[in-house]
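Thanks for asking me to look this over. My notes are below as numbered points, so you can follow along with the model open beside you.

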Amino acid sequence: MEMKELNTYALQALAEAGAEKAETVLSNSEKTEMNLENGELKLVRTTVDHHWRLTALRGQQRGSMSINQVTAEALSPAVTEVMAIAAASAPDPAHDIAGYQRPKVFRKGETNPNLELMFQRLKTFTQEVSTRFPRIVLLSAQLDFTRSTTHFQNSNGVDFTVEQGAYNFSVMFSAKEGASSSSFNYSGFSVLNLEEELLNGGSLRILLDQADQGLAPRKAPGKFEGAVIIAPDCLEGFLHSLLGITISDGPLITGASLFKDKLNQPGASPLLTVVSQPLGPEIAHGYFITDDGYEAQNTTIIQDGILKTFLLSLYGANKTGLPRGVNDGGAFVVTPGQQSLAEIIKGVKKGILLTRFSGGTPSLNGDFSGIAKNSFYVADGAIQYPLNETMIAGNLISLFQEITAVSREQVNFGFALLPWIASQGVTIAAQ
Amino acid sequence: MNTDLSSFKDLLTDYTELRCQENYSLVIGFLQGDNTTNTRLTTCGVSARVYKQGAWGFASYPGISAEGVEFVITTATRNASFLAAEDPRPAYSLPRGPVTNHRDEPGTANRPRPEHLVAFLKEIDNYMATKYPSLAGRAVTLNCSELNKTLLTSDGASAYSRLPRSLLKIDMTVEQAGAPVHLQEVFGGRGEFEDLFTTPAHLFPQIDWLYEHLMRKREGVFATAGLKTCILAPEITGILAHEAIGHTCEADLVLGGSIAGSHLGQPVASPLVSLVDFAHTALGETCPVPVFVDDEGTAAQDVPLIDHGVLKGFLHNKESARHFGVAPTGNARAFRFSDEPLIRMRNTAILPGTAELDEMIASLDDGYYLMRASNGQADSTSEFMFGVTLGYEVKNGKLGRAIKDTTISGLAFQVLQTVSEVSREFKWISGGMCGKKQLIPVGLGGPALKCQVMIGGR
């Protein structure tokens with residue numbers, strides 16, 4: 001049987017086994033990856049995999065199981081087990097599956113990797129880095145092309161097929177000169193094709209240049225409360241953390257979210273607009289359907305500081321009585337501001353340019369602390385020197401409420417499009 | 001899953017590692033009394049890694065079949081040949097250790113019945129809801145996993161390994177002035193669910209302990225930012241050993257410029273500190289993540305990294321061992337069937353000393369006692385950080401107010417020089433996962449340490 005037929009067959013098998021509602025999601029993927037280690041191309045890797053998720057609902061009980069063997073023989077015991085899991089579950093009326101939507105096929109990206117071009121791009125990248133940034137050590141890098149096909153079907157008639165292909169590049173590096181070595185840093189991006197050289201992607205040129213300057217770091221001058229300019233590489237993590245503790249299922253179901261009463265109310269600075277754009281034209285690595293089986297839509301999360309939506313799943317929405325999010329979040333596009341990064345730096349009296357944050361998981365109340373890595377001390381409107389052994393602490397919610405500027409420059413990572421943002425009120429302390 | 005790969009031996013013409021692997025996991029979760037999650041995940045497949053003319057090729061395929069084996073060997077060989085042809089390099093031969101064969105005991109096919117597990121968790125949730133109605137949030141999550149690997153190499157090594165782990169996580173949240181305060185504890189470790197968890201009631205005293213600390217944390221204060229003398233509880237020291245030292249001693253990071261590379265044979269810590277990456281047995285007991293044969297077919301050895309303060313060695317796979325002119329240590333590990341082996345830690349621990357924990361606290365005039373940690377990260381400079389989720393002020397030898405969530409950091413080789421006391425009490429953290437391109441289960445162990453670290457705060 002073809003993959004789609006098998007997935008339809010699985011849906012029928014679950015119904016015959018007693019599922020009142022059922023959902024089957026079958027994906028197959030193939031990844032071709034080139035690996036570089038300590039500046040040398042070391043490994044070429046081909047991985048083929050499947051993922052088959054079967055979900056059954058019966059009498060408000062839900063069971064789910066995933067396997068990676070896609071055969072009719074593997075299906076039969078899996079159906080038996082998923083029904084047993086459902087029967088053992090505690091009932092919860094909030095469990096459900098997505099309602100009917102018109103069947104659709106989504107396609108994006110190339111179908112096959114261009115192995116020769118991948119090799120050439122990686123080779124050129126290592127040569128360019130070696131020429132332009134002679135002190136940089138490329139600790140590791142991976143360039144992959146991943147192609148996947150997903151069939152999402154459920155007993156309400158949902159029938160989506162997604163065919164996607166994209167190139168993904170990630171690199172980890174440090175700078176070294178004599179006995180001096182900088183902290184490592186890393187970044188990456190996704191693209192639909194390899195028309196551009198890798199060095200032009202994402203924030204790589206900026207970060208490599210900064211690492212090159214980071215060989216003689218010093219501590220921040222003592223302990224002070226100051227400004228922080230958050231670089232795009234760092235901003236994505238902060239946004240995920242903020243939204244994770246405020247507008248996702250867990251904190252809204254438990255009621256622990258400090259944004260639970262903030263829908264259409266101010267939640268952040270009026271300078272901040274965050275859109276989740278999995279279908280956005282700039283987003284190479286987006287998605288077409290949500291994890292619970294709805295066709296994804298772009299959505300504005302924060303508009304001029306006003307919280308416009310929660311990101312609840314179908315279960316979370318049923319549980320809380322609040323509206324379901326129209327996508328799964330991520331694919332953030334933060335609207336650029338009016339000032340250039342240079343102008344923002346010029347306005348900082350005392351603070352840091354935060355390029356990488358190595359910190360503990362933020363608390364549910366937003367408190368965070370950690371090390372400012374690959375970052376710079378900024379004073380009197382200019383970058384002074386690279387930092388080491390410097391910690392920062394603050395509160396995520398305050399951080400986004402106290403934004404003083406958003407840069408007009410943005411970095412496109414293929415999975416997010418982000419500017420630099422400046423905020424204040426962060427404790428900066430050197431050892 | 002204990003597949004016989006010997007019939008494929010003749011296909012391994014170049015240097016080849018052939019591995020069949022099944023990863024199983026079960027997750028059951030209760031959130032606010034509702035059974036939100038009840039799911040299973042099984043992935044199995046076969047992979048081959050081939051070394052040819054100095055280049056590596058790798059391929060994997062789902063399921064376990066003769067066709068899959070042929071596909072992965074052919075594809076991995078083609079990948080290695082492609083790289084060798086496009087980018088020629090010296091074809092060093094890899095060190096070949098003694099032929100190793102190892103077989104773990106196979107597991108029982110009988111897994112606990114799902115209704116038993118759901119009832120077990122529901123009883124724990126009921127206990128929390130009934131005894132502590134002021135909790136704003138509560139969650140109970142069970143994660144049982146099992147890794148089964150079968151390996152055959154062209155060098156003649158063969159192995160079957162099995163690692164079951166059962167972890168039960170309790171989350172509690174209370175409100176303080178409208179803001180949530182949270183605490184979490186993970187129970188269990190290596191072994192089957194039924195071996196580690198007898199009845200829900202056995203966990204009740206530990207849930208009470210967690211609640212008591214949460215109520216103190218609710219009144220907690222910010223730590224004062226800066227360099228402080230701290231006592232790290234045994235539950236935290238293992239993370240220090242892993243993040244701060246272990247990573248810097250991974251030979252691939254040493255080759256990339258890790259600061260450990262220039263300190264071999266030199267004092268890097270107080271003479272009170274000895275640190276070992278154990279293969280499978282430590283201090284007379286089986287480690288949380290026993291590795292007898294690694295995924296390159298090397299018999300796993302204990303690796304002393306620091307001996308009485310002196311840096312003694314690095315963690316190696318075959319290729320790094322060849323580079324450094326030493327024997328491979330058995331640290332090449334892969335997480336899924338589709339992952340290639342990387343240099344990873346196994347069970348990294350600072351060895352116990354002679355001090356008593358309560359006396360260590362009593363001897364501290366002004367500092368912090370740090371009891372539980374969350375995530376951590378390390379740097380090639382040996383700068384490390386990890387989150388602290390439970391800790392107390394210590395004033396004049398006595399525990400004071402609890403502190404809010406914070407982070408500690410430092411340069412490992414400087415922090416370890418400040419160690420002035422090491423406790424006799426030693427504990428393993430058995431539920432650890434380390435991320436380095438792939439996830440991998442690790443064991444983290446240690447005694448309590450008195451040392452100076454940078455603490456984040458206001």
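**Notes on the two chains**

1. Let me start at one particular spot. A:Asn374 sits in the loop of chain A that runs between β16 (367-373) and β17 (376-379). Please keep in mind throughout that this is a predicted model. The backbone here deserves a look: phi of A:Asn374 is near 50°, a positive value in a residue other than glycine. Most residues other than glycine have a negative phi. Is A:Asn374 buried or exposed? With a relative accessibility of 15%, A:Asn374 counts as buried, because the cut-off for that class is under 20%.

2. Chain B offers a residue to view alongside that one. Phi of B:Gln32 is near 55°, again a positive value in a residue other than glycine. B:Gln32 belongs to the loop between β1 (15-31) and β2 (34-52) of chain B. Its relative accessible area is 23%, so B:Gln32 is partly exposed.

3. Now for A:Lys176, which is part of strand β6 of chain A, residues 159-177. This lysine has 33% relative accessibility and therefore counts as partly exposed. Which residues does A:Lys176 touch, leaving aside those up to four places away in sequence? Within chain A they are A:Arg135, A:Val137, A:Ser181 and A:Leu215, and from chain B there is B:Gly257. If you want a distance to check on screen, the C-alpha atoms of A:Lys176 and A:Lys373 are separated by 16 Å, with their positions 197 residues apart along the chain.

4. B:Thr406 is also worth a visit. You will find B:Thr406 in strand β20 of chain B, which covers residues 406-411. The relative accessible area of B:Thr406 is 4%, so this threonine is buried. Setting aside residues up to four places away in sequence, B:Thr406 touches A:Ser369 of chain A, together with B:Phe386, B:Gly387, B:Val388, B:Ile455, B:Gly456 and B:Gly457 of chain B. Measuring sticks at the ready: from B:Thr406 to B:Met128 the C-alpha to C-alpha distance is 26 Å, and the two are 278 residues apart in sequence.

5. Stepping back to chain A, how many helices and strands does its secondary structure contain? The count is nine helices and 21 strands. Chain A is divided into domain 1 (3-213) and domain 2 (217-431). The centres of these two domains of chain A, taken over C-alpha atoms, are 24 Å apart. In the contact between them, 37 residues of domain 1 of chain A meet 31 residues of domain 2 of chain A.

6. Chain B can be read in the same order. Its secondary structure comes to nine helices and 22 strands. The domain assignment of chain B gives domain 1 (6-218) and domain 2 (226-455). The contact draws 43 residues from domain 1 of chain B and 39 residues from domain 2 of chain B. Between the C-alpha centres of these two domains of chain B lie 22 Å.

7. On overall dimensions, chain A has a radius of gyration of 24 Å, which agrees with the value near 22 Å for a compact globule of 431 residues. Along the principal axes, the C-alpha atoms of chain A fill a box of roughly 70 × 55 × 35 Å. For chain B the radius of gyration is 24 Å, in agreement with the value near 23 Å for a compact globule of 458 residues. The corresponding box for the C-alpha atoms of chain B is roughly 65 × 55 × 40 Å.

8. A word on burial and contacts. In chain A, 60% of the 431 residues count as buried, and in chain B buried residues make up 62% of the 458. Of the contacts in chain A with a separation of 6 or more, 72% are accounted for by residues 24 or more positions apart. For chain B, 73% of contacts between residues at least 6 apart in sequence join residues at least 24 apart.

9. Last, the surfaces and charges. The accessible surface of chain A is about 15800 Å², with 48% belonging to carbon and sulfur atoms. Chain B comes to about 16300 Å², with 51% belonging to carbon and sulfur atoms. Chain A carries 33 positive and 43 negative side chains, and the centres of the two sets lie 6 Å apart. In chain B, the mean positions of the 41 positive and 51 negative charges are 2 Å apart.

Notes: Residues numbered from 1 in each chain as written. Chains lettered and ligands numbered in written order. Predicted model: local features only at pLDDT ≥ 70, side-chain atom pairs only at ≥ 80, totals over all residues. Heavy atoms only, no water. Helix = DSSP H or I, 4+ residues; strand = E, 2+ residues; numbered from the N terminus. Rg over C-alpha atoms; globule rule 2.2 N^0.38 Å. Buried < 20%, exposed > 50% of the residue type's maximum accessible area, 1.4 Å probe, protein only. Contact = heavy atoms within 4.5 Å. Areas by Shrake-Rupley, 256 points an atom, 1.4 Å probe, with all protein chains shown as cover. Lys, Arg positive; Asp, Glu negative; His and termini not counted. Charge placed at Lys NZ, Arg CZ, Asp CG, Glu CD. Domains from an automatic or database assignment.
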